[in-house]
Amino acid sequence: MAIPTEIKVIAFDADDTLWDCQSWFDEVERKCCEMLKPWATAREVSEGLFDTEHRNLPLTGYGTKAFTLSLIENAIRISKGELTGDKVMQLIDMGKELLRFPTTPLSEVKETLEVLSQTRRYRLVVFTKGELMDQEDKLRRSGLEGYFSYMETVSNKTEQEYRQLCENLHVAPEQTLMVGNSFRSDIIPALETGAWAVHIPYHVVWALEKTEEYPHERLFKIQRFGELLEILENKRV
């Protein structure tokens with residue numbers, strides 16, 4: 001199997017594809033579990049946070065601010081309202097820090113984007129979900145902004161959003177290649193539109209992104225970002 005030569009657009013997910021993200025959130029969750037030790041076990045805190053995030057999604061969507069709101073709500077609920085104001089402020093500060101963590105490009109990302117950019121064969125774009133200001137700022141901090149001609153941040157990634165992306169870029173789905181770490185958000189809806197996809201698993205996965213994986217005739221799975229070049233050069237079968 002090889003990528004067809006008519007691919008015109010390569011769309012990249014951002015968090016945990018171009019730079020590390022989830023591990024920063026996991027560290028905040030760990031600190032919150034430590035804070036709530038007087039009231040619950042770490043497992044109870046984490047399970048409560050998962051349930052709170054899932055319940056809030058239709059209202060708050062994805063992103064750092066949504067996570068912080070759920071973090072505080074869950075902490076107050078678990079502590080039965082006993083959490084002091086200074087502890088709540090600590091949680092707020094943790095959330096603010098998540099808006100400033102370093103978005104250092106992951107291994108082989110910058111080098112691969114440089115090669116793809118120099119070929120001038122593909123239009124490179126960022127297609128991510130979350131909060132617009134936060135995602136744009138992450139891209140600026142990463143130093144990768146210059147490689148992309150377009151960035152779109154959506155509240156969720158479904159087949160509808162992928163079709164709209166193709167319409168916005170004036171390309172057919174089969175001329176589009178989606179690259180990302182989340183099988184649920186980056187791979188499944190892209191394949192459903194008729195696009196091609198490259199799955200690059202990351203070592204940590206947000207609980208709400210976990211789903212069953214499966215093979216597909218338009219899907220490649222790689223372990224290193226640089227392997228993307230081999231696929232595009234038709235060296236992977």
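**Exercise 1. Decide whether Phe67 is buried or exposed, then find its ring partner.**

Step 1. In this predicted model, Phe67 has a relative accessibility of 6%. The cut-off for buried is under 20%. Phe67 therefore counts as buried.

Step 2. Look for aromatic pairs. The structure holds 8 of them. In one of these, Phe67 pairs with Phe25. Their ring centres are 4.9 Å apart, and the planes meet at 70 degrees. Planes over 60 degrees apart count as edge-to-face, and this pair is edge-to-face.

Step 3. Place both residues. Phe25 belongs to helix H1, residues 22–35. Phe67 belongs to helix H3, residues 64–78. The two parts are 42 residues apart in sequence, so the pair ties them together.

Step 4. Check the partner. Phe25 has a relative accessible area of 10% and is buried.

**Exercise 2. Classify the ring pair of Trp196 and Phe220, and state what it connects.**

Step 1. Take the geometry. The centres of Trp196 and Phe220 lie 6.4 Å apart, with 25 degrees between the planes.

Step 2. Apply the cut-off. Planes under 30 degrees apart count as stacked. The Trp196 and Phe220 pair is stacked.

Step 3. Locate the residues. Trp196 is in strand S5 (residues 196–199), and Phe220 is in strand S6 (residues 219–221). The pair therefore ties together parts 24 residues apart in sequence.

Step 4. Check exposure. Trp196 and Phe220 are both buried.

**Exercise 3. Identify a ring cluster, and the charged residues that lie over ring faces.**

Step 1. Follow the ring pairs. They link Phe12, Phe148 and Phe225 into a cluster.

Step 2. Turn to Tyr62. Lys129 lies over its face, 3.7 Å from the ring centre.

Step 3. Turn to Phe101. Arg141 lies over its face, 5.9 Å from the ring centre. The distance cut-off is within 6 Å.

**Exercise 4. Test the length of H3, then describe its packing.**

Step 1. Compute the expected span. H3 has 15 residues. The rule is 1.5 Å times one less than the number of residues, which means H3 should span 21 Å.

Step 2. Compare with the model. The end C-alpha atoms of H3 are 21 Å apart, which agrees.

Step 3. List buried residues. Those of H3 include Ala66, Phe67, Ser70, Leu71 and Ile78.

Step 4. Find the neighbours. The buried residues of H3 pack against H1, helix H2 (42–60), helix H4 (85–97) and helix H6 (132–142).

Step 5. Zoom in on Ser70, a residue of helix H3. Its relative accessibility is 1%, so Ser70 counts as buried. Leaving aside residues up to four places away in sequence, Ser70 touches Leu49, Thr52, Glu53 and Asn56.

**Exercise 5. Examine the positive phi values of Asp16 and Lys80, and contrast their exposure.**

Step 1. Recall the background. Most residues other than glycine have a negative phi.

Step 2. Examine Asp16. Its phi is positive, near 65 degrees. Asp16 sits in the loop between strand S1 (9–12) and H1.

Step 3. Examine Lys80. Its phi is also positive, about 55 degrees, and Lys80 is not a glycine. Lys80 follows H3, in the loop between H3 and H4.

Step 4. Judge exposure. Asp16 has a relative accessible area of 8% and is buried. Lys80 has 72% relative accessibility and counts as exposed. The cut-offs are under 20% for buried and over 50% for exposed.

Definitions and conventions:
Residues are numbered from 1 along each chain as its sequence is written. This is a predicted model: local features need pLDDT of at least 70, side-chain atom pairs count only at pLDDT 80 or more; totals for chains, interfaces and linings use all residues. Side-chain values use heavy atoms; hydrogens and water are left out. Rings of Phe, Tyr and Trp (its six-membered ring) pair if their centres lie within 6.5 Å; planes under 30 degrees apart count as stacked, over 60 as edge-to-face and the rest as tilted. Helices (H or I, at least four residues) and strands (E, at least two) are DSSP runs, numbered from the N terminus. Buried means under 20% relative accessible area, exposed over 50%, partly exposed in between (1.4 Å probe, protein chains only). A charge sits over a ring if NZ of Lys or CZ of Arg is within 6 Å of the ring centre and within 35 degrees of the ring normal. Contact means heavy atoms within 4.5 Å.
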